[in-house]
Amino acid sequence: MGKGKSVHKIALMAMLLALAVALGVVDYYIPFPFVPGAKLGLANIVILVVLYELGIWESVLIDLGRVFIVGLVTGRFGQMGFFMSLGGAVASLLIMILLKAVARKMTIIGVSACASITHGFAQVAVYCLFVQNLTAFYYYPVMSLIGIATGILIGILADRIRATKAVERQKEHYGFNQPKKEAVGPATLTPLSPEHEKKEDDKNLQE
Amino acid sequence: MTAKAFFRKYLWDLIVVGTLTVVSSGFAIYLAIPKNSDEHTANVTRDSTALLSIDLSLESDSPRQIVIQGVMTPMTLEVKKNAIRVSESGCRNQYCVYAGWVSDSNHPIVCAYNHVSIQIGAASGLIHMGTGA
């Protein structure tokens with residue numbers, strides 16, 4: 001990747017991280033009534049698009065960066081809520097990477113739904129580890145049903161965003177996540193053989 | 001997109017997500033069914049420490065209040081005959097308050113902010129708030 005493309009990629013990732021943080025903060029302030037821990041997971045739109053369009057390490061970087069910055073912004077850094085978010089983010093990202101690599105027949109929507117369920121499971125597991133009490137797992141079946149619904153919604157949104165012209169343009173101009181083309185050398189003129197030259201001369205004479 | 005094309009494109013998504021939905025729904029329905037249990041003891045724990053054990057069968061029909069100290073803020077519990085709820089908590093989302101009256105072992109109350117869990121079950125051997133025994 002050239003220097004221009006590298007700088008563009010860093011700028012693009014910074015913008016995507018900022019977008020993920022903004023969506024994460026918005027998500028934090030939208031309570032899902034009556035079900036503890038259930039969230040829309042808006043920031044996952046960015047993570048899914050990055051995973052599918054930029055790559056694995058880029059999505060890991062943006063996801064972990066988002067968790068840390070949202071933790072600092074919301075004042076939860078170092079508290080149990082922060083570790084629940086971190087656990088959920090790591091587990092859901094692992095599932096997304098695994099499913100993208102292994103279950104190639106699944107689309108981004110199915111991957112998103114599975115990631116959402118895993119996120120909820122990891123959050124409950126971290127909580128139970130903290131308080132050394134399995135009571136919170138009683139909420140998990142309802143949480144997972146909500147997770148499936150929100151995961152499908154987020155997956156559809158991510159799928160639509162991937163199909164937009166903005167993403168296509170980025171791919172065309174900068175070749176992100178595109179298979180590398182074989183190097184093509186400069187065009188060279190190959191001399192014609194004497195037989196070909198004779199045929200060409202005959203053609204010209206006839207004309 | 002035709003139905004055939006839709007199913008061809010999303011077949012594996014439908015299989016995986018459908019299976020997970022069925023399993024989760026099964027568990028959710030199982031937990032939603034109230035159980036006839038003789039267990040009427042509310043066990044209140046903060047982190048891994050048992051705070052209170054309240055025999056709800058000994059309570060009167062008119063609610064009485066108990067204040068406990070959560071990890072972050074104090075919490076006010078209300079107990080009446082065979083039921084318990086969190087009436088006040090300093091947590092942001094108030095999920096523990098929304099849980100309302102609980103009288104079944106399948107419906108615990110969890111306050112993640114205060115690290116407090118309330119579950120109805122067998123007596124834990126702590127001091128009974130109702131009788132002092």
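Helices, written α here, are DSSP runs of H or I with at least four residues, numbered from the N terminus. The model treated in these exercises is a predicted one.

**Exercise 1.** Determine which elements make up chain A, and in what order they run from the N terminus.

*Solution.* Begin with the count, which gives eight helices and zero strands in chain A. Then follow the chain from the N terminus on, where the elements read α-α-α-α-α-α-α-α.

**Exercise 2.** Describe how chain A is packed, using burial and the sequence separation of its contacts.

*Solution.* Take burial to mean that 20 or more other C-beta atoms lie within 10 Å of a residue's own; by this criterion, 38% of the 207 residues of chain A count as buried. Next, consider the contacts in chain A between residues at least 6 apart in sequence, of which 68% join residues at least 24 apart.

**Exercise 3.** Work out how many residues of each chain take part in the contact between chains A and B, and what the side belonging to chain A consists of.

*Solution.* First, 27 residues of chain A are in contact with 26 residues of chain B. Second, α5 (108-131) and α6 (140-162) of chain A each contribute at least two residues to the side that touches chain B, and α5(A) gives the most, with seven residues. Third, sorting the residues on this side of chain A by character yields 20 nonpolar, six polar and one charged.

**Exercise 4.** Locate the domains of chain B and state how far apart their centres lie.

*Solution.* The domain assignment of chain B gives domain 1 as 1-33 and domain 2 as 41-121. Taken over C-alpha atoms, the centres of domain 1 and domain 2 of chain B are separated by 36 Å.

Technical notes:
Residues numbered from 1 in each chain as written. Chains lettered and ligands numbered in written order. Predicted model: local features only at pLDDT ≥ 70, side-chain atom pairs only at ≥ 80, totals over all residues. Contact = placed C-beta atoms within 7 Å. Nonpolar A, V, L, I, M, F, W, Y, C, P; charged D, E, K, R; others polar. Domains from an automatic or database assignment. Buried ≥ 20, exposed ≤ 12 C-beta atoms within 10 Å, placed from the backbone.
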